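Hi everyone, thanks for making room for me today. Please pull up the structure on your screens, and we'll walk through it together.

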Amino acid sequence: MKSKLVHLADAAALIPNGASLTIGGSIIRRSPVALIRELIRQEKSGFTVLAYPAGFTTDLLAGAGAVDRVEAVYEGLFQFGFAYNFRRRVEAGELDIRDFSEVAMAARFRAAASGVPFMPTDALLGTGMAEHNPEQIREISCPFTGRKLHAVDAATSDFTLLHGYVADEYGNVQFPVARDADDLDPVMAKAAQRLIVTVEKIVPHSEILKTPNLTYIPHTWVEAVVEVPFGAHPLSCDGFYDEDEAHMQDYQLLMKDGRFAEYADRYIRGAVDHAEYLSAALTPARIFELSVR
Amino acid sequence: MTNSSEYTINELMVTAAARELQDGDLIFIGVGTAGRAFTLACGIPIAAARLAQETHAPNLSIYWNNLLSPDLEQIPPRLTQHYLTTWPTSAQLHNCSDKNDMLSRGMFDVSFDSAPQIDRFGNLNITAIGDYKKPTRRLIGCLAQTDHFAYVRRPLILTDLKKRTFVDKVDFITSVGHLDGGTSRTDAGLRPGGPSRVITDKAVFGFHEETKEMQLLSVHATSSTEEVLAEMSFEPLVNDDVSATQAPSSDELRLIREVIDPRRILLTT
C-alpha cells in the first residue's frame, strides 16, 4: 500500500475546470465543504454536480458561479430554508437542472458502481422529470415480459468528493459504529472514477486493522485522502460535531439578499487555507459547543 | 363523540389519519423542518401512527427518515444531527439504497405527503412553479415523494386546504397520483395505487373509484361545504350525502394528550 495522503490545496488542484463532480453527504450533513471552498479559492468553474440530496456545497458553487449543471434529488438547506444561490440561477434559466427521485438517482449511482451503462426503473413513469430529460431517461421494454420501464443512465462523473470520519494514510476510510446512514456515500465511492476523500482525522494503520468491517471505502478505490478537521463545517459530521446553526442562519441572511461576495470575502477568498477559515469561522469555545461527546 | 369545542383541528386530523391506518402497516414518515411544516410532515403523522398502534393497529411499524421503529417514547427535543444519530431505534440500514429497495419492492403500505400544488387527480408538484427550465419559483426537487406515489400502496396527502395549493392541473408532475384519471395511471405503466385520501384542516377527500377525480367525503364540524369549495381552484366531486368528519372520541383525545404527546412537541402549530 502506498500513502495517498495529500494537502487540501493539492487535492483540489487535481480537479480541472469543467469537471463533473459527485458530491457526497446529504444537504447539511458530512459534505466535503472545505474541499469545495478550496475549489472556489482556486477559481475553478464550469462544474457539473451530481448529488443525492444536494445542499450547502451546491449552493456555495452556485454562489461562486462555478456550477453549470446539477443532477440531484433535492436542493435546499433543510431547516435553514431555500438554497438561494441555486434557486436564483435556476430561475434565471442559467443552470441546467436534472431532477431525479431518490430511487432513480440511487439506481443511477448503482449502475455506475456496477459498471453497467444504465439501470431499469419504473419510478419515473408519467413524471415531469422523464418528460424533460430524454437524454438520461428513456423508455424501454422489459426483454422478458415486455413491461414498460425506463432506463436511467449510469451516474458516472470525473471525480467523486466525499467527507469521511477517519482514515489511515493509505485511504482506508472507516465509519464509527453509530452513524447517520441517511446517505449514498458507500455507493458513490464504489461508483467513482477518481475518488478524493477528506476526513476528520488520520489514524494509524494499526487502528484500521482492528475493525476492518468498519472500512466502507478501501484504499484501492481512493486516489487521494486529506486530513481536514471540521472539514464539513458549518455542516454537521455525525459523531464529531453538530451543524453550526448560527453560521447557517448568518449565511442565509446574506444569501437571501444576494450577498455571496461578502461571505466569500470573509470565509473563502479571504482565508488563504482551511486553517485560516477555522480562525475566521470558529473560536475554541464554539468548537467545544459544537463537538459531540 | 365529542363536541367540536373540545378538540383542536390538529387532533381531528390525527384521528382522521389514524382511521386510515391498518394493523400490520409499514408507514413512511418524512422529516419536516419547523413550524406548520413540521406539524404536517411529522407531528400529525407520528401522532396518528401511535394512536393507531394504541387502538386498532398494534402491529403497525414506522419508518421515520432513515430510522426503522425508533423509540417514540424518546422523541428528541430538537432534530439537530447528534440527536438524530443517537436516537434509540431498532434499525438504521447501511445506506439509502436499502430504503429505496424497500420502496420499490413495495414494502411500504402508507406514506404521508404534501405539496405546494395538488391537482384534481392527486398529482403533486414540489419541483417548479411555471416553466420547468426557467421557473417563476424553483421548489425543492423530488426527494422520495415520487417513489412514494409510485410504490406505496395507500399514500395519504396531508395538508392545509388553500386555493393556490389545490389547482386544476399541476405545473409539473413530480409525483404521479391518478395522472389524467380513469385508467391513465396503470396505462402509463405505473403500478396500481395512487393517493387514497387527502386529509386537510377543513375536510377529507377521496378519489372516485372509476374517474379517479378528487371527491369530497366529509367536512369538519368547524367548516362547511361552501367554505371548502371556496378554498379550491377546481371543483371536486361532491356527493349529496357529504358527512361530517367523525370527531375524536374522548378516549382518543386522552391518548393523544396524555400518552402520545404529553409534552406537546408533535402538535405544536
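Let's start with Gly55 of chain A, which sits in the loop between β3 (53-54) and α3 (56-63) of chain A. Before I go on, keep in mind that this is a predicted model. Is Gly55(A) buried or exposed? A residue counts as buried when 20 or more other C-beta atoms lie within 10 Å of its own. Gly55(A) has 27 C-beta neighbours inside 10 Å, so it counts as buried.

Who surrounds it? If we leave aside neighbours within four places in sequence, Gly55(A) is in contact with Ile27(A), Ile28(A), Ser31(A), Gly76(A), Leu77(A) and Ala83(A). For a sense of distance, take Arg286(A), which is 231 residues away from Gly55(A) along the chain; their C-alpha atoms are separated by 23 Å.

Now over to helix α4 (residues 84-91) of chain A. Why do we say that this helix is largely enclosed by the rest of the structure? Because six of its eight residues are buried. Those are Tyr84(A), Asn85(A), Phe86(A), Arg87(A), Arg89(A) and Val90(A), and I like that you can tick them off one by one on screen. What do they pack against? From chain A there are α3, β5 (74-75), β6 (96-99), α9 and α10 (260-267), and β9 of chain B joins them. Just after the helix, Gly93(A) takes a positive phi of about 75°.

While we're on backbone angles, here are some other spots to click on. Glu43(A) has a phi near 60°, a positive value in a residue other than glycine. You'll find Glu43(A) in the loop between α2 (33-41) and β2 (47-50) of chain A. Glu43(A) is exposed, because it has 10 other C-beta atoms within 10 Å. In chain B, Ser69(B) is not a glycine either, and its phi is positive, about 55°. Ser69(B) belongs to strand β3 (residues 67-70) of chain B. With 14 C-beta neighbours inside 10 Å, Ser69(B) counts as partly exposed. And back in chain A, the peptide bond from His233(A) to Pro234(A) is cis, with omega near 10°. Pro234(A) is in the loop between β14 (224-227) and α9 (245-256) of chain A.

Let's zoom out to the domains. Chain A is assigned domain 1 (8-98 + 156-290) and domain 2 (118-153). How far apart are the C-alpha centres of these domains? They lie 31 Å apart.

Next, the nonpolar core. The largest one has 168 residues, and the members touching the most others are Val49(A), Phe109(A), Val197(A), Ala17(B), Ala47(B) and Ala48(B). Which helix gives the most to this core? That is α2 (residues 35-54) of chain B, with 10 residues. The core also draws at least three residues from each of domain 1 and domain 2 of chain A. Pick out Ala47(B) for a moment: beyond its neighbours within four places in sequence, it is in contact with Val14(B), Ile256(B), Ile260(B), Asp261(B), Leu266(B) and Leu267(B).

So what about the place where the chains touch? The contact takes 41 residues from chain B and 46 residues from chain A. On the chain B side, the elements giving two or more residues are α3 (81-86), α4 (96-104), β9 (135-138) and α5 (145-151). Sorted by class, that side has 18 nonpolar, 19 polar and four charged residues.

Last stop: some strands of chain B. Strand β12 (residues 203-207) and strand β13 (residues 214-219) pair in the antiparallel sense over five bridges. Phe207(B), for instance, has Met214(B) as its bridge partner in β13(B). The hairpin has six residues between the strands, and Lys212(B) takes a positive phi near 65° there. β13(B) also pairs with strand β14 (residues 237-244), in the parallel sense over four bridges. Here the bridge partner of Val219(B) in β14(B) is Ala244(B). Put helix α7 (residues 225-230) together with β13(B) and β14(B), and you have a right-handed β-α-β unit.

One more residue ties in: Val198(B), in strand β11 (residues 197-199) of chain B. Val198(B) counts as buried, because it has 25 C-beta neighbours inside 10 Å. Not counting residues up to four places away in sequence, Val198(B) touches Ile157(B), Phe205(B) and Met214(B).

Thanks for listening!

Methods. Residues are numbered from 1 along each chain as its sequence is written. Chains are lettered from A and ligands numbered from 1 in the order in which they are written. This is a predicted model: local features need pLDDT of at least 70, side-chain atom pairs count only at pLDDT 80 or more; totals for chains, interfaces and linings use all residues. Two residues are in contact if their C-beta atoms, placed from the backbone, lie within 7 Å. Ala, Val, Leu, Ile, Met, Phe, Trp, Tyr, Cys and Pro count as nonpolar, Asp, Glu, Lys and Arg as charged, and the others, Gly among them, as polar. A nonpolar core is a set of buried Ala, Val, Leu, Ile, Met, Phe, Trp, Tyr and Cys residues joined through C-beta atoms within 7 Å. A residue is buried if 20 or more other C-beta atoms lie within 10 Å of its own, exposed if 12 or fewer, and partly exposed in between; C-beta atoms are placed from the backbone. Domain bounds come from an automatic or database domain assignment. Two strands pair if DSSP finds at least two bridges between them. A crossover is right-handed if, with the strands pointing away from the viewer, the path from the first strand over the helix to the second runs clockwise.
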